[in-house]
Amino acid sequence: MRPFTYERAKDPIEAARIVASRPGARFLAGGTNLLDLMKIQVETPTHLVDIQDLDLEKIEATKEGGLRIGALVTNTALASDERVRRDYGVLARAIVAGASGQLRNKASTAGNLLQRTRCPYFYDTNMACNKRTPGTGCAALGGASRQLGIIGVSSSCIANFPGDMPVALRLLDAAIETVDPEGQHRSIPIADFHRLWGETPHIETALRPGELITAVTLPAPVGGKHFYEKVRDRASYAFALVSVAAVIQPDGTGRVAFGGVAPKPWRIEQAEALLPQGAAAVTARAFQGATPTKANAFKLPLATRALASVIAQAKA
Ligand code: SF4
């Protein structure tokens, strides 16, 4: 691990100012991804601004009938919140499908949105990786790509976003609240939060330098039956090959988002409008223009089968 300095921020705007003004400074929340990456020198921050003393650990009802989830609410606290379990079942299910109990006790709501890809070449500093070191190339092209993305990827990077919770947040039309170093607050729809890689795969979100996530807001509950189906190589503590988050209404309409397939939670609203026609119709539209490799083309039929399973459960 490279040497770094450390401080604990007392105020969100102060934290944002420090990170914006010190080259190489980073926020530290649960640290479940960042510290791992620091140990192998994929991340080499010069200064860590620990935000754990900020008052960002509450889950509160909003006047619009939704919930405001503080950035530091742990995954365990969020998944076990009575209101989340009752009204946002897909979110609780997605969270408990991710990582391990130990990690969920520490991982934060904001950090979950910001976790880095698990592309094996990103973690190996001997390999070319445009995301880790811009302009060096992409070892995954022509390499091991079974786990990686099939749509929304580019010739610069074919990595996928690894998370589960953000797939459910996308389904629920969550918004990300932030504060910047000037004290300006903004709300970013989750659809706009994660970027497609294009030619700059090292820029992963819409956050500006020093901008700090303070909360995630959920609109009022949408009803229906909630599902999170995660297909992976082993039953626990593994990232999704494909996941399906869905809310299905009694008339067969609903919402669908996919994980494990793209640089961001993948939801195409025109595709979910085809839900009454069945899984194949939805995935044909959702994955129109997909560019899988030979090694991960299996994700296309897998997505259809996972969604068919969800639809069958909804009818049962
Ligand atoms: Fe790096 Fe992306 Fe290529 Fe993986 S797919 S090696 S993360 S540039």
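1. Asn112 lies in helix H7, which spans residues 109-114. The model is a predicted one, and the remarks below should be read with that in mind.

2. Is Asn112 buried or exposed? Asn112 counts as buried because its relative accessible area is 10%, and the cut-off for buried is under 20%. Apart from neighbours within four places in sequence, the contacts of Asn112 are Asn75, Phe161, Met165 and Pro166.

3. The ligand has 14 residues around it. Cys119, Cys129, Cys138, Cys157 and Ile158 are the closest of these. By class, the shell around the ligand consists of 11 nonpolar residues, two polar and one charged.

4. Where does the ligand sit with respect to the cavities? The space that the ligand takes is the largest cavity. Cavities of 30 Å³ or more number two in this structure, and the volume of the largest is about 80 Å³. The largest cavity is lined by 17 residues, of which Cys119, Cys129, Cys138, Cys157 and Ala159 are the closest to its centre. Its lining comprises 12 nonpolar residues, four polar and one charged. Cys119, Cys129, Cys138 and Cys157 are thus named among the closest residues to the ligand and among the closest to the cavity centre.

5. For the second largest cavity, the volume is about 40 Å³. Arg118, Cys119, Gln147, Asn160, Pro162 and Phe239 form its lining, with three nonpolar residues, two polar and one charged. Cys119 appears here and also in the lining of the largest cavity.

6. Turning to the pockets, the second largest pocket holds about 190 Å³ of space. Its lining is made up of Lys225, Ile248, Gln249, Pro250, Gly252, Leu275, Pro276, Gln277, Gly278, Ile311, Ala314 and Lys315. Six of these residues are nonpolar, four polar and two charged. Which element gives the most to this lining? Helix H12 does, with three residues.

7. Helix H11 covers residues 279-286, and its buried residues are Ala279, Ala281, Val282, Thr283 and Ala286. These buried residues pack against strand E11 (254-259), helix H10 (269-272) and helix H12 (299-315). Helix H12 therefore enters this note twice: as a packing partner of the buried residues of H11, and as the element that gives the most to the lining of the second largest pocket, under the run numbering used for helices.

Methods:
Residues are numbered from 1 along each chain as its sequence is written. This is a predicted model: local features need pLDDT of at least 70, side-chain atom pairs count only at pLDDT 80 or more; totals for chains, interfaces and linings use all residues. Side-chain values use heavy atoms; hydrogens and water are left out. A residue is near a molecule or strand if one of its heavy atoms lies within 4 Å of it. On a 1 Å grid over the protein atoms alone, a cavity is a set of points where a 1.4 Å probe fits but cannot get out, and a pocket is an open set with protein on both sides within 12 Å along at least five of seven lines; lining residues have an atom within 4 Å of a point. A molecule sits in a cavity or pocket if more than half of its atoms lie within 2 Å of its grid points. Ala, Val, Leu, Ile, Met, Phe, Trp, Tyr, Cys and Pro count as nonpolar, Asp, Glu, Lys and Arg as charged, and the others, Gly among them, as polar. Helices (H or I, at least four residues) and strands (E, at least two) are DSSP runs, numbered from the N terminus. Buried means under 20% relative accessible area, exposed over 50%, partly exposed in between (1.4 Å probe, protein chains only). Contact means heavy atoms within 4.5 Å. Grid points are joined across faces, edges and corners, and a volume is the space filled by probe spheres set on the points.
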